[in-house]
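Here are a few exercises to work through at your own pace. Have a look at the picture before you try them.

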Amino acid sequence: MDMVPWLVFALFVVGMLALDLGVMHRNAHVVGFREAMAWSVGWVAVSLTFGGLVFVWRGAETAMAYLAGYLVEKALSVDNLFVFLVLFAYFRVPRQLEHTVLFWGVIGALAMRAVLIGAGLTLLHHFHQIIYVFGVLLIATGLRFALHRGPGVDPGRNPLIRLFRRMVPMSRAYEGGRLLTRLDGRLVATPLVAVLVAVETTDLFFAIDSIPAVLAISTDPFVVYTSNVFAILGLRAMYFALAGLMERLRYFNLGLAAVLVFVGVKMLLSDLYPVPIPFSLAVIAGLVAVAVVASLMAPEGRSKRKARSRLRIRSTPFVEEPREASPTGRDD
């Protein structure tokens with residue numbers, strides 16, 4: 001296996017994460033629309049540039065598989081944005097800490113996706129018939145998306161969160177970006193840890209849907225993982241850029257449903273008729289574009305009412321309302 005593309009990819013990802021946390025967001029702050037749009041455009045440009053490098057290294061077909069996988073992951077990640085809104089409201093996360101939560105959530109997601117992709121590829125290699133299970137799973141998930149009426153997650157019913165609340169001593173207030181603090185002389189977790197647990201477990205459930213979707217397009221480990229990673233890396237900026245626009249995406253779930261059903265059928269037919277990658281890329285791009293355009297053309301008032309009903313959720317009772325920090329950065 002040629003290790004040069006993997007090495008270039010790994011060095012780039014580490015460098016961008018270091019730039020993001022160590023330079024651009026060294027101090028926690030509220031991410032504005034312009035900053036988020038700049039980062040969103042930048043990540044898309046970088047992802048497409050990487051696709052150009054894949055074209056040089058691996059050829060046109062692999063590059064198109066990468067773009068198709070990236071587009072699928074990017075589209076599916078939009079549904080994550082609704083969940084983030086719910087989680088941040090439930091845990092009363094201060095706006096200036098949202099980027100910190102998403103950053104560490106991304107770090108965990110990168111490791112988790114590597115494990116799950118490896119497991120999926122191993123299953124396909126040793127038990128080829130699992131491809132039909134994946135296909136049926138994608139079609140069933142697509143139908144669920146078509147009937148989707150809410151964010152699909154209630155943090156208060158998350159079993160890991162409930163277990164965390166019982167097992168881990170936790171303070172009732174955020175302490176800036178700290179994960180641990182001292183309460184009555186003992187070391188306890190801050191609510192930020194609970195938020196990260198919720199984000200990671202939610203991503204796990206989304207990965208179970210999204211990874212088979214990319215495996216339906218390609219079983220090349222490099223294509224599958226890099227398309228996942230670039231979609232995830234741009235997710236934080238997309239959240240802040242589209243937070244105000246998400247209420248308008250009323251038909252996006254239908255577009256995602258169509259994409260999942262398409263790739264599920266593609267996977268079921270793979271042994272009889274392998275669908276050409278250029279055709280898959282065109283269909284996926286077309287479905288996403290139609291969903292976005294139809295959503296933006298819908299009457300705004302009705303979209304907002306529907307969005308508000310989707311996102312209405314009570315905040316958690318074990319987190320106090322965030323307090324404003326003193327000028328010294330310490331609690332008075």
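**Exercise 1: a threonine and its surroundings**

Find what threonine 141 touches, and decide whether it is buried or exposed.

Solution. Start with the contacts (heavy atoms within 4.5 Å): leaving out residues up to four places away in sequence, threonine 141 touches Asp209 and Leu260. This is a predicted model, in which local features need pLDDT of at least 70, side-chain atom pairs count only at pLDDT 80 or more, and totals for chains, interfaces and linings use all residues. Residues are numbered from 1 along each chain as its sequence is written, and side-chain values use heavy atoms, with hydrogens and water left out. Next, place the residue: threonine 141 sits in helix α5 (residues 130-146), where helices are DSSP runs of H or I with at least four residues, numbered from the N terminus. Last, its relative accessible area is 5%, so threonine 141 is buried (under 20% relative accessible area, 1.4 Å probe, protein chains only).

**Exercise 2: two helices that cross**

Work out how α3 and α9 are arranged.

Solution. First, the axes (lines fitted to C-alpha atoms over the stretch in contact, with angles from 0 to 180 degrees between N-to-C directions) of α3 (residues 60-90) and α9 (residues 235-242) come within 10 Å and cross at roughly 65 degrees. The two helices are therefore roughly perpendicular (65 to 115 degrees). Then pick out the residues in contact: Lys74, Ser77 and Phe88 are among them on α3, and Met238 and Tyr239 are among them on α9.

**Exercise 3: along α3**

How many residues of α3 are buried?

Solution. Of its 31 residues, 24 are buried, which leaves α3 mostly covered. Just after α3, arginine 92 takes a positive phi of about 50 degrees.

Terms used: Angles under 35 degrees count as roughly parallel, over 145 as roughly antiparallel, 65 to 115 as roughly perpendicular and the rest as oblique. Buried means under 20% relative accessible area, exposed over 50%, partly exposed in between (1.4 Å probe, protein chains only).
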